[in-house]
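Thanks for asking me to look this one over. My notes follow as numbered points, so do have the model open beside you.

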Amino acid sequence: MMERRLTLRLRRVAVGRLRGVGMETVYHKIIITTRPESASFAMGELQNYDRGIRPVGDLAVGVKEIYLPGGYGKLLADAPPLIFVRHMFPVQYFAVGEYAAADILAGVAIPDDGGAFSVQMRGDTDPGLIRRLENALEERNYVRDDRYPRWVLSLYAHEGGLYAGASRCGDNRSAWNGGTPRYKRADFISRAECKLMEAMETFGLRPRPHARALDLGAAPGGWSKVLLEAGFHVTAVDPGALDKRLAHHPRLSYVCATAQRFLAARDKAEIFDAVVNDMKMDMYDSVRVMLDAAPFLAPGGVAVMTLKLAKGQGLRKINKALALLEKKYRVGDTRQLFHNRDEVTVLLYRLSGPAAP
Ligand SMILES: C[S@@+](CC[C@H](N)C(=O)[O-])C[C@H]1O[C@@H](n2cnc3c(N)ncnc32)[C@H](O)[C@@H]1O
């Protein structure tokens, strides 16, 4: 079928500003996605970086068009780690009306070194347009890989307008469309499983053979299950019981105790390659437990914890908690992932020790 050509274009905006002829193009708009309840925190952290950054409008709940005075490249290069922006892409092409695949591809900045791509569309999705774009890219010898793309052509269609931008997958902050992972799980012990799966994927965590993990606040056992599936030997600690499906697992031992009691009674000779903590607890109390757990972490070991946010707690409290953690850890990353509700997930490395990465 012949591709529909552009018949109506009320507004087609050159969204980039060319600096010199054939030189660098600066893109001044991005589309960000956040947890709806955290949109103001996301704006806060962007404006802490540059007070000139402002929202242009809402495309949907938790999806905002943002103006960047300094441009997208500068944001990628200079901005401090962002916690609440779950996903973002640069706006390199914008059109209203009907849009042809060829126009979109001519308008976006496809990386020269190409490789595996994925086309991701949200809002008023158009499967026909997605297919035409995929076909056109495959004809140019790019390889479609929706799971592990190197770069992504992101599209957002809203009220007749289409926003598009091509960017490296890592710069989007998630390989998933809009930062929304879809994990297929047959036999959930708890919804929290997805939280750890997403954290391990986002932070690139894979255990070495025979690695040992300590799971603090383990019940009913979703995180322990994910750790076991990843190959860890797991010590699960919680005053609450684990799900029966985990009973008798040969690589799991369960300790019925609070984390504080467990750590106080434990011989420091017992060392773990990973400590995870999803305890339902005030964030500063949870931080104190993690400081006590640090001596049990092997050199090069990693820790993953959730910091639970009480009502009204945001960036300032999180930064205070991170500063406390820095007494014993290097903070690798802090993110409000898709599966986090009123909490953020923190990646920590043991501070001292020769093998700490
Ligand atoms: C959100 S649930 C953990 C869910 C778990 N990650 C999973 O995937 O199934 C929080 C857990 O923290 C535990 N908890 C709260 N205070 C604790 C403490 N002081 N020591 C150990 N566990 C604690 C609770 O008993 C509860 O099981």
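1. A word on classes to begin with: Ala, Val, Leu, Ile, Met, Phe, Trp, Tyr, Cys and Pro count as nonpolar, Asp, Glu, Lys and Arg as charged, and the others, Gly among them, as polar. On that basis, the shell around the ligand holds twelve nonpolar, seven polar and four charged residues.

2. Please keep in mind that this is a predicted model, in which local features need pLDDT of at least 70 and side-chain atom pairs count only at pLDDT 80 or more, while totals for chains, interfaces and linings use all residues. Residues are numbered from 1 along each chain as its sequence is written.

3. Which residues come nearest to the ligand? Of the 23 around it (C-beta atom, placed from the backbone, within 6 Å), they are Ala192, Gly217, Ala219, Gly222 and Asp278. Helix 5 (192-203), helix 6 (222-230) and helix 7 (259-265) each give at least two residues to this shell; helices (H or I, at least four residues) and strands (E, at least two) are DSSP runs, numbered from the N terminus.

4. The domain assignment, automatic or from a database, splits the protein chain into domain 1 (9-179) and domain 2 (192-350). Their centres, taken over C-alpha atoms, are 33 Å apart. Ten residues of domain 1 are in contact with nine of domain 2, contact being C-beta atoms, placed from the backbone, within 7 Å. The side of domain 1 that touches domain 2 has four nonpolar, three polar and three charged residues.

5. Now for the sheet: seven strands make an open, mixed sheet in the order 15-14-13-16-17-19-18, where strands pair if DSSP finds at least two bridges between them. Strand 15 (252-255) and strand 18 (329-335) are at the edges with a single partner strand each, so one side of each has no neighbour in the sheet.

6. Strand 13 (residues 212-216) and strand 14 (residues 233-237) are parallel, with five bridges, and Leu216 sits opposite Val237. Strand 16 and strand 17 are also parallel, over five bridges, with Phe272 opposite Leu297. From strand 16 the chain passes through helix 8 to strand 17 in a right-handed β-α-β crossover (clockwise from the first strand over the helix to the second, with the strands pointing away from the viewer).

7. Strand 17 and strand 19 (residues 343-350), by contrast, pair in the antiparallel sense over seven bridges. Here Val302 has Tyr349 as its bridge partner in strand 19.

Note on methods: Two residues are in contact if their C-beta atoms, placed from the backbone, lie within 7 Å.
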